[in-house]
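Please look over the protein chain shown below before reading the notes that follow. They are meant to be read with the structure open alongside.

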Amino acid sequence: MKDYDVTKIKNIALAGHNGSGKTSLAEAILYKAGASDRLGKTADGTTVCDYDPEEIKRCISIGTSLASFEYNNFKVNLLDTPGLFDFASEMVEGIRASDTVMITVSAKSGVKVGARKAYAEAEKQGKSKMFVVTKIDDKSANFFNVLTELKTVFGPTVCPVVVPVVSNHQIVSYVNLIEMKAYKYDDKGNAIETDMPTAEISEKFEYRIDGLIGAVSEAVAETSDELMEKFFEGEEFTQKELIDGIHDGMNRGIITPVVCTSSTELAGIDMLLKEIELLLPSPHEVETEDSEVKCDVSEPMSAYVFKTVADPFVGKMSFIRVMSGTLKSNSEVKNATSGNTEKIGKLCTLCGKKQTEVSYATAGDIVVATKISANTGDTLCDSAKMVEFAPMDFPKPCYSMAVKAKAQGDEAKISTSMQRITEEDPTLTYIQDDNTKEQILSGLGEQHIEVAVAKLKNKFGVDVNLTVPKIAYKETIRKKVKVEGKHKKQSGGHGQYGHVWIEFEPCVSDTLVFEEKVFGGAVPKNYFPAVQKGLEDSIKKGVLAGCPVVGLKAILVDGSYHPVDSSEMAFKTAASIAYKEGLRKADPVMLEPVGKLKVTAPDDNTGDIMGELNKRRGRVLGMEPVSHGVTTIEAEVPVREMHDFALYLRQVTRGLGSFTLDFERYEQLPANLLTEVISSVNSEN
């Protein structure tokens with residue numbers, strides 16, 4: 001295997017809105033760099049990066065895929081991340097492992113929410129950024145409108161580097177503003193140098209090109225005092241000064257270059273590869289999260305597990321970014337997160353699904369280890385120098401469905417398979433609801449859950465049904481009553497006799513509160529536990545809809561017994577009879593769970609959201625500005641009304657909104673819903 005110096009490694013995450021051309025761009029880059037022998041298409045399911053059966057079937061990226069390749073003696077690790085918000089965790093993982101985030105923006109549709117989210121995540125993680133304007137060859141494409149929009153949305157750091165020359169809605173050539181050269185492309189995507197544009201070729205282009213050159217020079221001037229001085233004196237920058245200035249500006253987050261490409265015609269891909277080589281920072285230039293860790297091969301080994309894949313054939317695959325030193329196959333390292341020792345067996349690099357075994361990976365590189373026990377977010381390090389990197393911040397699950405096996409006896413298989421799938425995806429949770437006893441799968445949206453269920457079937461052979469989760473209703477009483485419970489039975493030999501008087505009254509407690517105030521031995525003490533047990537068994541089902549009963553106090557006040565026929569079972573039964581009679585008389589009511597909701601959304605959508613919460617019987621408690629143009633709404637809402645709120649919020653905010661819903665307390669169900677709820681609970685049971 002070839003040794004790659006840390007200065008010769010580039011780690012790039014492709015991110016952006018769904019459908020903006022990330023996977024097609026990755027395909028074009030791999031083909032142009034010679035890492036792939038054909039130009040695959042997403043629609044045909046023939047791309048290197050979208051190889052999962054679900055990705056091919058749906059024609060979308062579902063997981064972050066790694067495509068490592070060599071170009072001009074550089075090692076490039078390309079991480080193609082999904083654009084759908086249901087798979088946001090994959091984008092977080094891909095960006096964490098990268099040094100630069102290449103954000104794709106369609107020349108047809110402009111800046112979408114996915115581009116904003118990718119930019120925000122790159123900013124949050126302190127990564128350098130570059131915009132790639134894709135689909136430039138489309139008839140409805142307008143590069144300069146998109147460039148203006150990029151500057152409006154993302155500010156003055158946006159700096160054009162490769163721009164198209166357009167005449168009569170056709171691209172005549174592409175201008176590299178660093179080289180100050182223009183190129184045409186043949187039908188195989190090969191560049192042919194051509195004349196720089198004149199006003200005759202493209203209307204007003206001379207004005208535009210001057211403005212674009214000025215924008216590049218101004219951006220570069222901001223990177224150092226010497227360059228600023230040269231800029232003010234009106235001197236032109238050399239090509240090396242432009243390259244070094246943009247490179248430095250990217251690393252410091254003050255320049256975001258913009259290039260344009262056509263993945264189908266391969267136009268501009270060669271220039272993009274050149275920019276990757278010249279402009280993008282290498283791992284050693286990027287500050288690590290831990291200032292004590294230097295991205296140097298001579299340092300003790302430290303690495304970060306940024307992604308896990310549950311492969312039914314290979315086993316668990318752990319994607320690892322080596323932060324320092326050398327990670328070797330067939331070695332032992334310390335898992336600083338769990339405290340365990342990890343045995344590293346086989347290591348490999350990936351180009352899509354193609355694996356190439358390697359014996360080691362050095363600082364700055366990305367590698368995959370198979371069959372280790374480490375999980376996503378774990379730090380691996382040399383036991384001589386323990387270090388632990390910060391965990392990733394993932395979106396919280398907000399959409400849930402109940403899961404039930406289609407075939408009897410598959411319940412255990414579901415549990416073990418789900419454990420593998422949730423290891424792979426930190427934004428999926430699989431738990432048993434203690435109240436309803438249902439198995440609940442929670443994720444970021446409808447597609448997220450659907451894909452998890454499809455993986456369950458395809459990878460582990462388990463077929464399940466999805467249903468809307470049951471609501472954990474409860475019952476209670478509102479007034480005090482005194483009732484008699486008598487169990488008397490004669491059936492040859494010993495009979496059965498138990499007789500109690502019990503007072504039932506409301507109280508504040510999730511469990512039964514039992515007291516006895518029996519005088520004169522009307523009920524012997526040895527039967528008190530049986531009475532209590534009879535009531536505890538009874539409160540599991542209320543008298544309205546068979547839901548558990550809470551807030552109930554029972555006081556045993558009187559009764560009678562038979563010296564021969566009385567038994568614990570008889571008094572247990574008598575207590576149960578008293579319970580049923582007492583609850584009917586004590587004004588029983590249904591209780592529903594109410595959650596504390598926090599919705600973060602753009603200011604423009606707060607009115608619509610508050611209106612929607614009112615429709616869902618919510619009570620808005622207050623609003624608080626979070627950042628410029630973003631507000632958090634706090635409310636209390638019945639859980640019954642919130643099942644599809646995630647879908648509503650995504651639609652109304654176009655994916656910019658997020659929320660958390662935590663159980664707060666139980667409240668009385670409105671009388672107008674009582675019949676409907678009793679009917680629905682009874683039909684479920």
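This report goes through one helix, the nonpolar cores and a few single residues of what is a predicted model.

**Helix α1 and its partner**

Helix α1 spans residues 22–32 and packs against helix α9, residues 269–278, at an angle of about 85°, with the two axes 10 Å apart. Because angles of 65 to 115 degrees count as roughly perpendicular, α1 is described as roughly perpendicular to α9. On the α1 side the contact is made by Leu25, Ala28, Ile29 and Lys32, and on the α9 side by Ile269, Asp270, Leu272 and Leu273. Sorted by class, the residues of this contact are six nonpolar and two charged, with no polar residue among them.

The surroundings of α1 extend this picture, since eight of its 11 residues are buried and the helix is therefore largely enclosed by the rest of the structure. The buried residues are Lys22, Thr23, Leu25, Ala26, Glu27, Ala28, Ile29 and Leu30, a list in which Lys22 and Glu27 appear alongside Leu25 and Ile29. Just after the helix, glycine 34 takes a positive phi of about 85°.

**Nonpolar cores**

In soluble globular proteins, nonpolar side chains tend to be buried together. In this model the largest nonpolar core has 78 residues, and those touching the most other members are Met102, Phe131, Val133, Phe143, Leu150, Ile246 and Leu272. Leu272 also belongs to the α9 side of the contact with α1. A second, separate core of 32 residues includes Val453, Leu613, Phe645 and Tyr648.

Phenylalanine 131 can be followed further: leaving aside neighbours within four places in sequence, it is in contact with Ile103, Val105, Tyr119, Leu150, Phe154, Val158, Thr256, Pro257, Val258 and Val259.

**Serine 68 and aspartate 137**

Serine 68 lies in strand β2, which covers residues 65–71, and with a relative accessible area of 11% it is buried, because buried means under 20%. Its side chain is joined to that of asparagine 77 by a polar contact of 2.7 Å. Beyond neighbours within four places in sequence, serine 68 is in contact with Lys75, Val76, Asn77, Leu350 and Cys351.

Aspartate 137 is placed in the loop between β5 (128–134) and α5 (143–154), where a relative accessible area of 31% makes it partly exposed. The side chain of aspartate 137 makes a polar contact of 3.2 Å with the side chain of threonine 264. With neighbours within four places in sequence again set aside, the contacts of aspartate 137 are Ile171, Ser262, Thr264 and Glu265. The C-alpha atoms of aspartate 137 and valine 523, 386 residues apart along the chain, are separated by 91 Å.

**Two loop residues with positive phi**

Asparagine 72 and lysine 437 each have a positive phi although neither is a glycine, and the table sets out their values.

| Residue | Loop | Phi | Relative accessibility |
|---|---|---|---|
| Asparagine 72 | between β2 and β3 (74–80) | about 50° | 47%, partly exposed |
| Lysine 437 | between β23 (429–432) and β24 (439–443) | about 65° | 54%, exposed |

Which class of exposure does lysine 437 fall into at 54% relative accessibility? Lysine 437 counts as exposed, because the cut-off for that class is over 50%, whereas asparagine 72, at 47%, counts as partly exposed.

How values were computed:
Residues are numbered from 1 along each chain as its sequence is written. This is a predicted model: local features need pLDDT of at least 70, side-chain atom pairs count only at pLDDT 80 or more; totals for chains, interfaces and linings use all residues. Side-chain values use heavy atoms; hydrogens and water are left out. Helices (H or I, at least four residues) and strands (E, at least two) are DSSP runs, numbered from the N terminus. Buried means under 20% relative accessible area, exposed over 50%, partly exposed in between (1.4 Å probe, protein chains only). A polar contact is a pair of N or O atoms within 3.5 Å; within protein, one must be able to donate a hydrogen and the other to accept it, and residues adjacent in sequence count only if both atoms are side-chain atoms. Contact means heavy atoms within 4.5 Å. A nonpolar core is a set of buried Ala, Val, Leu, Ile, Met, Phe, Trp, Tyr and Cys residues joined through side-chain atoms within 4.5 Å. Axes are lines fitted to C-alpha atoms, for helices over the stretch in contact, and angles run from 0 to 180 degrees between N-to-C directions. Angles under 35 degrees count as roughly parallel, over 145 as roughly antiparallel, 65 to 115 as roughly perpendicular and the rest as oblique. Ala, Val, Leu, Ile, Met, Phe, Trp, Tyr, Cys and Pro count as nonpolar, Asp, Glu, Lys and Arg as charged, and the others, Gly among them, as polar.
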